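Please take a moment to look at the sequence and the model together before reading on. The paragraphs below move from one part of the chain to another, so keep the structure in view as you go.

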Amino acid sequence: RKLRSEVAAAFPTLSTEQLAELVPNKEELNVIKIYSHKGEAITVYMNHRNPILFEVEKVLYPTVYTLWVYPDLLPAFTTWPPVLQKLAGGADLMLPGVVVPPSGLPQVQRGTLCAVTLLGNRAPVAVGVATMSTEEMLAAGMKGKGFAVLHTYLDHLWEYGDKSSPPTLAPLVTDSAAEESAGDEQELQEKEPGSSCSPEPQQHLDIRNLSLKDRDTCAELLGKEELHENRAAEPAEDASTEHQHEAEDSRTPQEQMDALFNQCFFHALKCKVKKSDLPLLTSTFLGSHMVSCCPAGKQLDIKKSSYKKFSKFLQCMQQQRILQVKELSKGVESIVDVDWRHPDIKAFAVPEGFSSASAAQDSKSEDREQVYHAPEIIPLYGVSTKMVPLFQESGHRKGSVLSSSEVRNIIINYVKNNELVDETNKNFVKVNAILCDCLLDKSEQDEISHLKWDELLSRCLERLQPLHQVTFPGQEPVVRKGNIEPIDISIAQRSSNKKVTIIKNLELYGLDPQCVANTLQQKVQASATISPAPGAKDRVQVQIQGNQIHHVAKMLLDEYQLPRKYIQGLEKAPKLGHKK
């Protein structure tokens, strides 16, 4: 009865009969608890062996099984069928992937619970929370993250049920315009006829390892990737773009994307990049220079080209001896040389409608600042030889890579499974032989018989091998050994008592040292240069006259949004005082 009243309050559109059907009186409801990858407990209500509701932080949400029975329970937003695979993989729904019908989007406020459907089928395939209101979505030009996805068809929660597929529910109003745009999207996606109206994805993912997730850092990252990969799914809105599509019908969508990449590549090399910019990060070259050379109404999407990865595209250009690419630090590639005398660069004609090369060069540094996004850095831990006995019970071996929350859950489960919690004081854990060998020094083994929970966990993390994962926008995550080196800012003394500010390790965070030097030089009106960093192979450092730590800190913290914990040396900034 209490659950029914809570459901009635959460979903007022349900009638009394529908409430009785959803939450029956006489039939028994099963209640189970599952845990997200973050360790948060989630209550799931089961009826007829299917999960019908789940509760997170005292908020009720319907599952897709419930929404298939009551498809109009939540305001629904439509996306393209290929996007489902991204959502099921943990991505949030980005606004470029939302289909805007001629009748307009449903009116919702920020924080409203919404359903996600596929074009041509009214049966929801995901549940999410709107991150902005409808007015804000339209004002943003349908760009950015629109919905934080909580649960999808094909995820771990769906697996608790009978694993049925969404029913085919026809849209309430037949929308011929939407059907036409679906046809265009079908060509863009290279799908078989009718695939854009299919309620099921073209291929089932291996979702055994997927779980109901708090969409935190990982989801936010994937959401960015989703934005990048679904920009091309945005339907053409103006007549000129439609004419361009008609003119290019003789080529396949893949050939069109290849041609677009070639055009933007040569345009960027001819008008945007100069010798002083090298070495230039490949991510900066793509995200700033090539994207700014893309014609209006078109979007670069490497996944829809024959190359599939930007590194393969650059490798092809390197084979043609147009440029040279090197991995200056692990996982971070840079363009180190360009042959501007190459016939293909010389023969390229800048398309009409673009500004001159000189104007493009002037706006270069500004464009870079706009597109920079700080990398996602996640600390990880590797299982060392000494720690194997503690982790093998949970199925892990030497070298297994774990997050801090996973380590915490494994230790908690180990203690509980082996009944090591102290009966007299549950804040303490009894140290058995394995914990003794793994976590205690030889001098402590005869003295310590109990450990506090927090000390147990901190000792465990200290004895695991430190690793970190760095994910740059649009690139695959890279796992490196050790802790990431911070950006190091130092002051050095030169002749005549002059001081210079030296900045190291910018490359590790996806920052182009030459771009940083140029920007600082303009801001402080002082000479800035780059030189090889001593003791660090294939890295460079930025050197600028005077103690400029205040300006460097403002740029790194405020403009580039880098966390303060990854910047070292800010305390050496000059103290502000009265001039005598």
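**Strands, helices and rings**

Ile502 stands opposite Gln543 in β23. This is a feature of a predicted model, and it belongs to a longer pairing, in which β21 and strand β23 (residues 540-545) run antiparallel and are joined over 4 bridges. Strand β23 also pairs with strand β22 (residues 528-532), again in the antiparallel sense, over 5 bridges. In that second pairing, Pro532 is the residue that stands opposite Val540 in β23.

Another strand with two partners is β14 (residues 376-382). Strand β14 is joined by 7 bridges to strand β18 (residues 465-471), with the two running antiparallel, and here Pro379 stands opposite His468 in β18. Strand β14 is also joined by 3 bridges to strand β15 (residues 401-403), likewise antiparallel, and in this case Leu380 stands opposite Ser403 in β15. How much of β14 is covered? The strand is mostly covered, since 5 of its 7 residues are buried.

Turning to the beginning of the chain, you can find an open sheet of 4 strands, arranged in the order β1-β2-β3-β4 with antiparallel pairing. Its edge strands are β1 (30-35) and β4 (59-62), each of which pairs on one side only. On average, and with direction ignored, neighbouring strands of this sheet are turned by 30 degrees against each other. Strand β3 (residues 50-56) is joined to β4 in the antiparallel sense over 4 bridges, and Val56 has Val59 in β4 as its bridge partner. Helix α1 (residues 2-10) lies across β2 (41-47), β3 and β4, and runs at about 75 degrees to β4.

Helices can also meet other helices. Two packed helices are described by the angle between their axes and the distance between the axes. For helix α11 (residues 282-292) and helix α12 (residues 310-319), the axes come within 11 Å and cross at roughly 95 degrees. An angle of 65 to 115 degrees counts as roughly perpendicular, and α11 and α12 are therefore roughly perpendicular to each other. At their contact, Thr282, Phe285, Leu286 and Met290 in α11 meet Phe310, Phe313 and Leu314 in α12. Sorted by class, this contact of α11 with α12 has 6 nonpolar residues, 1 polar residue and no charged residues.

Some of these residues also lead to the aromatic rings. Phe285, Phe310 and Phe313 are among the members of one aromatic cluster, which also includes Phe261, Phe265, Phe266, Tyr307 and Phe348. A pair of aromatic rings is described by the distance of the centres and the angle of the planes. The structure holds 13 aromatic pairs. In one of them, the rings of Tyr307 and Phe313 have their centres 5.0 Å apart and their planes at 85 degrees, so the pair is edge-to-face. Because buried means under 20% relative accessible area, Tyr307 counts as buried at 15% relative accessibility, and Phe313 counts as buried at 0%.

A further aromatic pair, Tyr509 with Tyr566, is tilted, with 5.9 Å from centre to centre and 50 degrees between the planes. This pair links distant parts of the chain, 57 residues apart: Tyr509 is in the loop between β21 (499-504) and α20 (513-524), whereas Tyr566 is in the loop between α21 (549-559) and β24 (567-568). Both Tyr509 and Tyr566 are buried.

Terms used. Residues numbered from 1 in each chain as written. Predicted model: local features only at pLDDT ≥ 70, side-chain atom pairs only at ≥ 80, totals over all residues. Heavy atoms only, no water. Pairing = 2+ DSSP bridges. Axes fitted to C-alpha atoms, helices over the stretch in contact; angles between N-to-C directions. Contact = heavy atoms within 4.5 Å. Parallel < 35°, antiparallel > 145°, perpendicular 65-115°, else oblique. Nonpolar A, V, L, I, M, F, W, Y, C, P; charged D, E, K, R; others polar. Phe/Tyr/Trp six-rings, centres within 6.5 Å; stacked < 30°, edge-to-face > 60°. Buried < 20%, exposed > 50% of the residue type's maximum accessible area, 1.4 Å probe, protein only.
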